[in-house]
Structure formats: C-alpha cells, structure tokens
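Please explain how this protein is put together, starting from one of its pockets and moving on to its helices and its sheet.

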Amino acid sequence: MNNENEFYKQYTSEQVVAGYWRDARGTLVPESMIREIDREREQVVAEIIEHAKILNRELSLFKAKCLGDIEAFIELSAEQYNVHVGGVRGNVALFSFDGRYKIQRAVYDCIAPDERVLAAKQLIIDCVNSWAENARPELKTVVSRAFATDKNGSLRLGRLLELRRLDIQDERWCRAMSALDESLQVVGNRTYVRIYERVGDSDEYRPLSLGVSGV
C-alpha cells in the first residue's frame, strides 16, 4: 500500500491545480469532495495501467527482437547458397529441431481504395437505379453496406470485396468492378510474429498467446 499522500493523488498526465481533481468533463473538483470509493478506484486503475505500460513496452521490444533475429537467420541461411536475400520479405516459419515449436513471421499487405472508388460507386449506383424494380432487394442492401463508412469516415475493404463476388454480367457492372479493382492499392504492410507449440504428438499446433485475453 502506498503512503497516504501518494494514495490520494489523482492518476493523470494533465496538469491539475493543487487540491483539485479533474473529472472526465474537465471540471475541477475539490479533493475534499472526492469520495473514498473513487479514491480506491483511482488506485486500482493506476496500478493496472502502470503495469500494462511496462508490459506493452516489453512486448514491443520482444517483437522487434524476434523480427530482427528471424531476419538475421534468413540472411545466414541464404549465405549457405551464396545468395543475398533483399527487398520485401514474406512469410516464413521456423521450427525447433524436434518440431515441437514453430515461430511464424507473417506479412500482410494493407490495401486501401484510392479516388477511383468514387467512379466505381457511381457506376454501381447507376446500374442499380437503371434496374429499378428488377433489382433484387438483397443487392441494394449489399451495395448500401459496401459504401457505408466507419466512424472514421473510411470504407470497409471487406464489404467492398463482397461486390466482386456477385455474379452480374451487365457491362456497366463489369466496368464498375474493373474500376473497383484498379482503385485498390497497397499502402503498406503489417508484420506479425506468432509462436506455436505442438499439441501432443499430433500435427496440430496451438498458439502461445501473447495477448491478455488469450492467456
């Protein structure tokens, strides 16, 4: 248990006038009006968050070390054949000698639509409007969902790709799909490290979770 002064200190990164706590609305509340249960809650939150920040930093360092070690080993392995591995790296799996453990580096492209998606959207809308009553209700729903944005105003890639799976031969729809395909650009990539342990003597591998919810 911390000393009394530290115990009653508000956990915040903001500058607060001495003798006051700042609430979620930015209002300054005198310390004398802070209830005991609120002080206790603040202590619990502070301890958990501080520990979480330490673990987060350790996980970041761990991931960086894993990726560095994997990259160095790939280079070492390539040198056995007098080959230098350069450019964009892809997926790779490393196994322990007895096959009990597997470490996987997975690289996924980040894809996002550029301005041509607006042309695709208009072509699709024109198609649906021209079909009018003949358009299936579920098609209108799929189209509406595809171009609905999230809270950040971004289109959801998965929903856009749903349109490409529709078997529609209309020439305007095909042009719309072509515009949609051409609008999708690789804007970066994400790299993951996954660690697995073999389940008994089977061919199945179970992931060793590094996330709090999976532990």
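In this predicted model, the second largest pocket holds about 170 Å³ of space. Its lining consists of Gln10, Trp21, Arg22, Asp23, Val29, Met33, Ile34, Asp38, Arg41, Glu42 and Val45. Two elements each give two or more residues to this lining, namely β1 (20-22) and α2 (36-79). The largest share, four residues, comes from α2. Sorted by class, the lining of the second largest pocket has five nonpolar residues, five charged residues and one polar residue.

The helix α2 deserves a separate look. With 44 residues at 1.5 Å a residue, α2 should span 64 Å, and its end C-alpha atoms lie 65 Å apart, so the two values agree. The buried residues of α2 are Asp38, Arg39, Glu42, Gln43, Ala46, Cys66, Ile70, Ile74, Glu75 and Ala78. The spacing of such positions can be read against the geometry of a helix. An α-helix has 3.6 residues a turn, so residues three or four places apart point the same way. Asp38 and Glu42 appear among the buried residues of α2, and Asp38 and Glu42 also line the second largest pocket.

Next comes the sheet. It is open and has four strands in the order β3-β4-β5-β6, with antiparallel pairing. The edge strands are β3 (92-95) and β6 (205-207), each of which pairs on one side only. From one strand to the next, the twist averages 30 degrees.

The pairs can be followed in that order. Four bridges join β3 to β4 (residues 101-113), and these strands run antiparallel. Within this pair, valine 92 has arginine 105 of β4 as its bridge partner, and phenylalanine 95 stands opposite lysine 102. β3 and β4 form a hairpin with five residues between them, and glycine 99 in the turn has a positive phi of about 75 degrees.

How many bridges join β4 to β5? There are 13, and β4 runs antiparallel to β5, which covers residues 184-198. Two of the facing positions can be named here: valine 107 stands opposite threonine 191 in β5, and cysteine 110 has glycine 188 of β5 as its bridge partner.

The pairing of β5 with β6 rests on three bridges, again with the strands antiparallel. In this pair, arginine 198 stands opposite tyrosine 205 in β6. The hairpin of β5 and β6 has six residues between the strands, and glycine 200 there takes a positive phi near 55 degrees. Both hairpins described here thus contain a glycine with a positive phi, glycine 99 in the hairpin of β3 and β4 and glycine 200 in the hairpin of β5 and β6.

One residue outside the sheet remains. Serine 178 is located in helix α6 (residues 171-183). Is serine 178 buried, partly exposed or exposed? Its relative accessibility is 34%, and because partly exposed covers the range between under 20% for buried and over 50% for exposed, serine 178 counts as partly exposed. Serine 178 and serine 154 are 24 residues apart along the chain, and their C-alpha atoms are separated by 21 Å.

Conventions. Residues numbered from 1 in each chain as written. Predicted model: local features only at pLDDT ≥ 70, side-chain atom pairs only at ≥ 80, totals over all residues. Heavy atoms only, no water. 1 Å grid on protein atoms, 1.4 Å probe; cavity = no way out; pocket = protein on both sides within 12 Å on 5 of 7 lines; lining within 4 Å. Points joined across faces, edges and corners; volume = space filled by probe spheres on them. Nonpolar A, V, L, I, M, F, W, Y, C, P; charged D, E, K, R; others polar. Expected span 1.5 Å × (residues − 1). Buried < 20%, exposed > 50% of the residue type's maximum accessible area, 1.4 Å probe, protein only. Pairing = 2+ DSSP bridges. Axes fitted to C-alpha atoms, helices over the stretch in contact; angles between N-to-C directions.
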